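Biologist: Could you take me closely through the part of this model where the two chains meet, and then place that part in the setting of the chain itself? I would like one connected account rather than a list.

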Number of protein chains: 2
Amino acid sequence: MTTSANDSLLARAIARPETEEKVARRILDAALDQFTTFGLRRSSMDDVARRAGVSRVTVYRRFQTKDGLVEACLLREGSRFFQKLDTAVAALPTMEERVVEGFVVALRYTRAHPLFGGLLRLEPEVVLPYLTVQGGPSLEATCDYLTAHLRRAQQVEGRGDSDPRPVAELMVRVAVSFLLNPSSCIEMEDEDQARAFARRYLAPLLDA
Amino acid sequence: MTTSANDSLLARAIARPETEEKVARRILDAALDQFTTFGLRRSSMDDVARRAGVSRVTVYRRFQTKDGLVEACLLREGSRFFQKLDTAVAALPTMEERVVEGFVVALRYTRAHPLFGGLLRLEPEVVLPYLTVQGGPSLEATCDYLTAHLRRAQQVEGRGDSDPRPVAELMVRVAVSFLLNPSSCIEMEDEDQARAFARRYLAPLLDA
């Protein structure tokens, strides 16, 4: 093969994933707009295709079902949420403080987010399955995120090397529970009280 | 008033609540049958009235809406669940052991129960709101139950007198979370593992 043929292959190999990624991103952007404006129930794959300016075949090729598209949206908004969390807690010196502040920020962010808290208020019966009985993927992604943080902190803070995943899962489950059902004997409207709750009941799990 | 008039009033006063209670019980029995056989969505107040052998007016007088009837069913099944729990843990000597065993029994019982686990599998989108965004009453009833137990144990076991309600709520939320979303990195299918989980992560909350 000539050098220029090689170059061309390389260029195509580089170019193709970028384009694919761009299309996928455009579809996800359109889906997020569509879902948060009209709700999940009244949104079809056609609506999303139209809004993204692509054919419905293009949408279906990437996201076989509406469920798949919703899950992809949830996962992408999840990543953005993790970035927000990282930024919010980055300057805090201990894992304990990051857990406490992370809990407060997580509740604030997800309650205010148009896809999480927004749709939960708009059409709970449609959104709830994604966060509960079908919530495996989101739960797993969130646990992966927190587990990685806890593992790094174990090393840095010399907290022993027991598997941090169960603790991560437990913390995530408690936060999700407060998102799904805010009515509580524990005052959580006030962020100082949410902070006190996390300090007293969640932070000690780090040493469980 | 003559003695016999007094007697008659007394008899009516005693008889009336019994009758009222009997009718309410018959309606709730019918509702439970109806809901667990056909699901909530396909069940009307008329179906329940027919099954109970009472008029729809009688049903509406006691339970203004279908939502109200569903909630009353949930609360009654909740009471039965508390009785089961009490029986299951009564012989255990410490609150710690009762929390551990109670958690295992709670998961087993609710997952197998036709109204809780059954409808959650049959029509999750209909049942989920009652256990989450509209789950205030069930959560509160369950917290009341566990709080009372924790308070008695505080006295008996000399655990200090801090308000046990937040700990109760936290335990209930974790158990509900595992009912709603069983997919987990924590092996919970196996009851010994559920027990180990409760011993390691929930029991220590008693001293938090």
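Modeller: The area buried between chain B and chain A is about 2800 Å², and carbon and sulfur atoms give 63% of that area. Since the model is a predicted one, this and the other values below are computed from predicted coordinates. Of the area that chain B buries against chain A, V133(B), R173(B) and Y201(B) supply 22%, which is more than any other three residues supply. The contact draws on 32 residues from chain B and 32 residues from chain A, and because 100% of the interface residues of chain B are also interface residues in chain A, the copies meet through the same surface.

The relation between the chains fits that picture. Chain B is superposed on chain A by a rotation of 180 degrees with 0.0 Å of shift along the axis, at an RMSD of 0.0 Å. The two copies are therefore related as by a two-fold rotation axis, and the C-alpha of chain B nearest to this axis belongs to E125(B), at 2.4 Å from it.

As for the polar side of the interface, the rule finds zero salt bridges between chain B and chain A, whereas it finds 16 residue pairs in polar contact across the interface, with both residues at pLDDT 80 or more. On the side of chain B that touches chain A, at least two residues each come from α7 (124-131), α8 (136-157), α9 (165-180) and α10 (191-202) of chain B. The largest share of that side, ten residues, is supplied by α9(B). Sorted by class, the side of chain B that touches chain A holds 19 nonpolar, eight polar and five charged residues.

One of the helices just named deserves a closer look in its chain A copy. Helix α7 of chain A, residues 124-131, is mostly covered, with seven of its eight residues buried; these are P124(A), V126(A), V127(A), L128(A), P129(A), Y130(A) and L131(A). The cover over the buried residues of α7(A) comes from both chains: it includes α4 (66-89), α6 (114-122), α8 (136-157) and α9 (165-180) of chain A, together with α7 of chain B.

The wider setting is a helical chain. Chain A has ten helices and zero strands, and its C-alpha trace spans about 60 × 50 × 25 Å along the principal axes. Of the 208 residues of chain A, 49% count as buried, and among the contacts in chain A with a separation of 6 or more, 67% are accounted for by residues 24 or more positions apart.

A single residue of chain B adds some local detail within the chain. E77(B) lies in helix α4 of chain B, residues 66-89, and E77(B) counts as buried because its relative accessibility is 3%, under the 20% cut-off. The side chain of E77(B) makes a polar contact of 2.9 Å with the side chain of R80(B), and a further polar contact, at 3.0 Å, joins the side chains of E77(B) and H113(B). With its neighbours within four places in sequence left aside, E77(B) is in contact with L32(B), H113(B), L115(B) and F116(B), so that H113(B) appears both in this set of contacts and in a polar contact with E77(B).

Conventions
Residues numbered from 1 in each chain as written. Chains lettered and ligands numbered in written order. Predicted model: local features only at pLDDT ≥ 70, side-chain atom pairs only at ≥ 80, totals over all residues. Heavy atoms only, no water. Least-squares fit on C-alpha atoms with pLDDT ≥ 70 in both. Contact = heavy atoms within 4.5 Å. Buried area = accessible area lost by both parts, 1.4 Å probe. Salt bridge = Lys/Arg side-chain N within 4 Å of Asp/Glu carboxyl O. Polar contact = N/O pair within 3.5 Å; in protein donor to acceptor, adjacent residues only side chain to side chain. Helix = DSSP H or I, 4+ residues; strand = E, 2+ residues; numbered from the N terminus. Nonpolar A, V, L, I, M, F, W, Y, C, P; charged D, E, K, R; others polar. Buried < 20%, exposed > 50% of the residue type's maximum accessible area, 1.4 Å probe, protein only.
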